[in-house]
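Trainee: Could you take a close look at one part of this model with me, and then show me how the rest compares? I'd love a single connected walk through it.

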Amino acid sequence: MRSLRAAVRGLVTYAWLPDGPPRAVLVARTPYGAAGHAAEARGWTAHDVGLVVQDVRGRHESPGTFRPYAEDGGPDGPALTAWVRSWTEAPVVLLGTSYGAHAALATATQVEPDGVVVAVPALGLGETARTRGGVLQLASRLGWWLAHDVPRPWSDVLSARRRDAERALDVASIRCPLLAIGGAYDHFAHDTTDLCAHWGGPAELAFGPWDHALSGARRAGRTLAWLDLVLDGSPPSSTGRPLTATVHVDAAAHEQWCASLLVDGREVAHGAAVGRRITLGPVLDDGPFELRLATDDFPRYARAPHAPRPVPDHHLEIA
């Protein structure tokens, strides 16, 4: 395995390559430390696949100020892709997990790669700050902000909005193959499945009973199998999506409700919303289901600032 360290637009970048010409190069941008991917790179290069990882601006070895989820339209991702293409003729595949998926998609909408692989995608500031129903995910956001010493004002989180409709239009214009890996117990399960649904090119969804850590998902094996098909000119495309659970609540439009769907006491879907409709899932289980609905006992989201209210009439729909 060959390795090098470079600066691309001033950002520290590590590249690990097989001894011979690579049959593909995976390119990732991360806020979590590029240098730490050396062990992962040994696995990829053993299959003649190169790996390039860059510290995003303001993180670890890269200079500047870190502004979370501000990669859209920025020049750093396209510059990194151009740099990789300047020294290899191998296909360039953008790779991203969690925050890295945001960075990968921000690049893919500007510079058409040869493929994109995302896992448990955290797609934007609004998408991580709020549920689809508009509920602020205060505990998870505050913890992430503090853990990574983010200087961006907390008011940015409170005012962030989701960009689901805009992103659907953006990714519909991308024609290269996509592999999206997600889990039913991940916070961003909906974003994973919707990304595949709106993708403009061949899109394969690998979805299972996994959480954000994707333990047991065999990410590398799935990626290599997908990459083999892409390089062979026959990229796979999923034909179906997991079922989605929806709770319809007979309540006032301004009220917040949190819902949890369980099978044998084990949570299989969750959601929260302001209004009369709470979207849960996607759901992999067949039931029978137990549904819990409350105002403030749902641990993933901010507690309501008012006393618990009686649970109104509601019903579950799975389709």
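**A strand and its surroundings**

Mentor: Let's start with a pair of glycines: Gly 183 stands opposite Gly 208 in β8. Keep in mind as we go that this is a predicted model. Gly 183 belongs to one of the two faces of strand β7, and that strand is the part I'd like us to study closely. Strand β7 covers residues 178-183, and 6 of its 6 residues are buried, so the rest of the structure largely encloses it. The cut-off behind that word is a relative accessible area under 20%.

Now look at the two faces in turn. In a regular strand, side chains alternate between the two faces of the sheet. On one side of β7 you find Leu 178, Ala 180 and Gly 182, and on the other Leu 179, Ile 181 and Gly 183; every one of these is buried, so both faces are covered.

Next, follow the strands that pair with β7. Strand β8, residues 203-208, runs parallel to β7, and 6 bridges join the two. Strand β6, residues 115-119, is also paired with β7 in the parallel sense, here over 4 bridges. One link to find on screen is that between Val 116 and its bridge partner in β7, Leu 178. So that you have both ends of the strand in view, recall that Leu 178 bridges to Val 116, while Gly 183 faces Gly 208 in β8.

Just past β6 there is a backbone detail worth a pause. Val 120 is found in the loop between β6 and α4 (125-129), and its phi is near 35°, a positive value in a residue other than glycine. Most residues other than glycine have a negative phi, and most peptide bonds are trans. Val 120 is also buried, at 0% relative accessibility.

Further along the sequence from β7 comes helix α8, residues 189-198. Of its 10 residues, 8 are buried, so this helix too is largely enclosed by the rest of the structure. The buried set includes the charged-type residues Asp 191 and Asp 194, together with His 190, Thr 192, Thr 193 and Cys 196. Ala 189 and Leu 195 complete the buried list for α8.

For comparison, go to the start of the chain. Strands β1 (residues 2-8) and β2 (residues 11-17) run antiparallel and are joined by 7 bridges, with Leu 4 partnered by Ala 15 in β2. Ala 15 is buried, at a relative accessible area of 1%. Leaving out residues up to four places away in sequence, Ala 15 touches Arg 2, Ser 3, Leu 4, Leu 51, Val 52 and Trp 83. The hairpin has 2 residues between its strands, and Arg 9 there has a positive phi near 55°. Arg 9 is partly exposed, with a relative accessible area of 47%, whereas Val 120, our other positive-phi residue, is buried.

Two more loops are worth a visit. Ala 253 sits in the loop between β9 (245-249) and β10 (256-263) and is partly exposed, at 45% relative accessibility. Beyond its neighbours within four places in sequence, Ala 253 contacts Val 274, Gly 275 and Arg 276. The C-alpha atoms of Ala 253 and Arg 276 are 5.9 Å apart, although 23 residues separate them along the chain. The loop between β12 (277-279) and β13 (290-294) holds Pro 282, and the peptide bond from Gly 281 to Pro 282 is cis, with omega near 0°. Pro 288 is in the loop between β12 and β13 as well, and the bond leading to it from Gly 287 is cis, with omega near 5°.

Finally, step back to the whole protein. It has 9 helices and 14 strands. Its radius of gyration is 20 Å, close to the 20 Å that the globule rule gives for 319 residues, so the protein is as compact as a globular protein of that length. The C-alpha trace spans about 65 × 40 × 35 Å along its principal axes. Of the 319 residues, 52% count as buried; in β7, that holds for 6 of 6. Among contacts between residues at least 6 apart in sequence, 69% join residues at least 24 apart.

Note on methods: Residues are numbered from 1 along each chain as its sequence is written. This is a predicted model: local features need pLDDT of at least 70, side-chain atom pairs count only at pLDDT 80 or more; totals for chains, interfaces and linings use all residues. Side-chain values use heavy atoms; hydrogens and water are left out. The radius of gyration is taken over C-alpha atoms; the globule rule is 2.2 Å times the number of residues to the power 0.38. Buried means under 20% relative accessible area, exposed over 50%, partly exposed in between (1.4 Å probe, protein chains only). Contact means heavy atoms within 4.5 Å. Two strands pair if DSSP finds at least two bridges between them.
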